[in-house]
Amino acid sequence: MGFLREMGVGISVRRRLVYVVSMATMLLAGWSLATSTQVRDRVDDSTPPSVNQNAEHGKKGQAMKFRQSKSGYDITPLSCEAVEELASKLDPEAYHITQGADTERAFCGGLLENKKDGVYTCVVCGLPLFSSAHKFDSGTGWPSFYTPFDADHLTQQVDNSGGRVRTEINCARCGAHMGHVFDDGPPPTGQRYCLNSAALKFSEKGSPLPPESRPAQTDVAYFAGGCFWGIEHYFQLGPGVIDATSGYMQGNVDNPTYKQVGSDTTGHAETVKVVFDPQRITYRRLLEAFFDMHDPTQMDRQGPDVGNQYRSGVWYANDRQRKEAEAFIKELSGGDRYRGKKIVTQVEPAKTFWPAEDYHQDYLDKTGGACHVSNPW
Ligand SMILES: [Zn+2]
């Protein structure tokens, strides 16, 4: 395996043990991987979780918390049993590489010269990992990309094998070994994701993707409830919420800045865009959380923040949301929760959402600051 050292190849001691036992098992019992599972569990138990993010794949019978990537794919780690079942269908080369951290020969992979438009998915579980838009010729002999399809779709771990320190990359969903990432790539990232062709499956643009390679179903909702820092923070914690982003909506200037919006002249309201999985959380539940987080009876202000940009609003993305929001507000108005005070929340069709400057995103997490908004979950 001398050629393997070219890329860095190498298999860590832990992986090598798993791999050797797996191969021996396969030889003795075909593709039955029962014994390798037992060994992997035992070995993973001795591995610090902070070093090996894939240890979570090695726990048997453990229910995994649902996770969805920024781009909307289900990246919940697969169980050990599920990975084994999928891996048992691989050809020997793909098995060696993805399950044993092996490396194919340089200049021999089937996808090295591929220049077609399309997506590169994990050969084991089908998760999209790289796009043809980011592929480049590195001259190394292995397919190379300067950025992943979605950073959430890969995990990284330190690989000390082969007498040097490298960063191994793995599929975030199934833990399959993909290759390594180096800091000698081209602009704009300066990174080189060095892949094994056999760890990937290519689907040409226009061809149908299998369900496991498609994004999970997502929906979007927009809420304005005063300063977006706290609203974004707590929406992000919602079960079934994939992502919450701070931004500006309902104004009359494109690409508004915080300063412009703060001047109270652009008509924008500080708004939080909520991307959610409608299978796991309803729009109604989001409405409930939103009204728990702010006071809808305050006109053009919220707590200490005064101005039109802090108004209360539900910007509906479709007519179904409009009906639900109006019905919910009517319901609230009929109760005694606000002691007779009128709900002034605006319900309007959503205009363009303009994301706020980076420093506003995840503001409470970054600053450790507090906010007048309380946790609605
Ligand atoms: Zn995978």
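# Exercises on a predicted model

Gln250 is found in the loop between β11 (241-249) and α6 (258-262). The exercises below start from this residue; the model they use is predicted.

## Exercise 1. Two positive phi values

Determine whether Gln250 is buried or exposed, and describe its backbone. Then treat Ala101 in the same way.

Solution.
- Step 1. Phi of Gln250 is near 70°, which is a positive value in a residue other than glycine.
- Step 2. Around Gln250, 22 other C-beta atoms lie within 10 Å. The cut-off for a buried residue is 20 or more, so Gln250 is buried.
- Step 3. Ala101 is not a glycine either, and its phi is positive, at about 55°. The loop that holds Ala101 runs between α4 (92-100) and β1 (118-122).
- Step 4. Ala101 has 27 other C-beta atoms within 10 Å and is therefore buried.

## Exercise 2. Confidence and the whole chain

State how far the model can be read, and where caution applies.

Solution.
- Step 1. Averaged over the chain, pLDDT is 83, and 82% of the residues score at least 70.
- Step 2. Over residues 1-63, pLDDT stays under 50; for this stretch the model has 87 contacts beyond four places in sequence.
- Step 3. Where pLDDT is low, predicted coordinates should not be read in detail. Residues 1-63, with pLDDT under 50, call for that caution.
- Step 4. For the chain as a whole, the count is 9 helices and 17 strands. The chain has 377 residues, of which 40% count as buried.
- Step 5. Among contacts with a separation of 6 or more, 67% are between residues 24 or more positions apart.

## Exercise 3. The packing of α7 and α8

Describe how helix α7 (residues 283-293) packs with helix α8 (residues 319-334).

Solution.
- Step 1. Two packed helices are described by the angle between their axes and the distance between the axes. For α7 and α8 the angle is about 45°, and the axes are 10 Å apart.
- Step 2. Roughly parallel requires an angle under 35 degrees, and roughly perpendicular runs from 65 to 115. The two helices are therefore oblique to each other, α7 to α8.
- Step 3. The handedness of the crossing of α7 and α8 is right-handed.
- Step 4. On the α7 side, Tyr283, Arg284, Leu287 and Phe291 make the contact; on the α8 side, Gln321, Glu324, Ala325, Phe328 and Leu332 do.
- Step 5. By class, the residues of this contact of α7 with α8 are 6 nonpolar, 1 polar and 2 charged.

## Exercise 4. What surrounds α7 and α5

List the buried residues of α7 and of α5, and name the elements they pack against.

Solution.
- Step 1. In α7, the buried residues are Tyr283, Leu286, Leu287, Ala289, Phe290, Phe291 and Met293.
- Step 2. These buried residues of α7 pack against β10 (219-225), α5 (228-236), β12 (269-276) and α8.
- Step 3. Helix α5 is mostly covered, with 8 of its 9 residues buried. They are Phe228, Trp229, Gly230, Ile231, Glu232, His233, Tyr234 and Phe235.
- Step 4. The partners of the buried residues of α5 are β10, β11, β12, α7 and α9 (363-367).
- Step 5. Arg285 also lies in α7. Arg285 has 17 C-beta neighbours inside 10 Å and so counts as partly exposed.
- Step 6. Arg285 and Gly238 are 47 residues apart along the chain, and their C-alpha atoms are separated by 9.5 Å.

## Exercise 5. Three loop residues

Locate Thr352, Ala151 and Pro188, and give a feature of each.

Solution.
- Step 1. Thr352 sits in the loop between β16 (346-349) and β17 (354-355). The exposed class takes 12 or fewer neighbours; Thr352, with 11 C-beta neighbours inside 10 Å, therefore counts as exposed.
- Step 2. From Thr352 to Met249 the C-alpha separation is 6.1 Å, although their positions lie 103 residues apart along the chain as a sequence distance.
- Step 3. Ala151 belongs to the loop between β4 (144-145) and β5 (154-159). With 13 C-beta neighbours inside 10 Å, Ala151 counts as partly exposed.
- Step 4. Ala151 is 21 residues from Phe130 in sequence and 9.8 Å from Phe130 in space, C-alpha to C-alpha.
- Step 5. Pro188 is in the loop between β7 (177-182) and β8 (192-195). The peptide bond that joins Pro187 and Pro188 is cis, with omega about 5°.

Notes: Residues are numbered from 1 along each chain as its sequence is written. This is a predicted model: local features need pLDDT of at least 70, side-chain atom pairs count only at pLDDT 80 or more; totals for chains, interfaces and linings use all residues. Axes are lines fitted to C-alpha atoms, for helices over the stretch in contact, and angles run from 0 to 180 degrees between N-to-C directions. Helices (H or I, at least four residues) and strands (E, at least two) are DSSP runs, numbered from the N terminus. Angles under 35 degrees count as roughly parallel, over 145 as roughly antiparallel, 65 to 115 as roughly perpendicular and the rest as oblique. A crossing is left-handed if the near helix is turned anticlockwise from the far one by less than a right angle, and right-handed if clockwise. Two residues are in contact if their C-beta atoms, placed from the backbone, lie within 7 Å. Ala, Val, Leu, Ile, Met, Phe, Trp, Tyr, Cys and Pro count as nonpolar, Asp, Glu, Lys and Arg as charged, and the others, Gly among them, as polar. pLDDT is the predictor's confidence in each residue, from 0 to 100.
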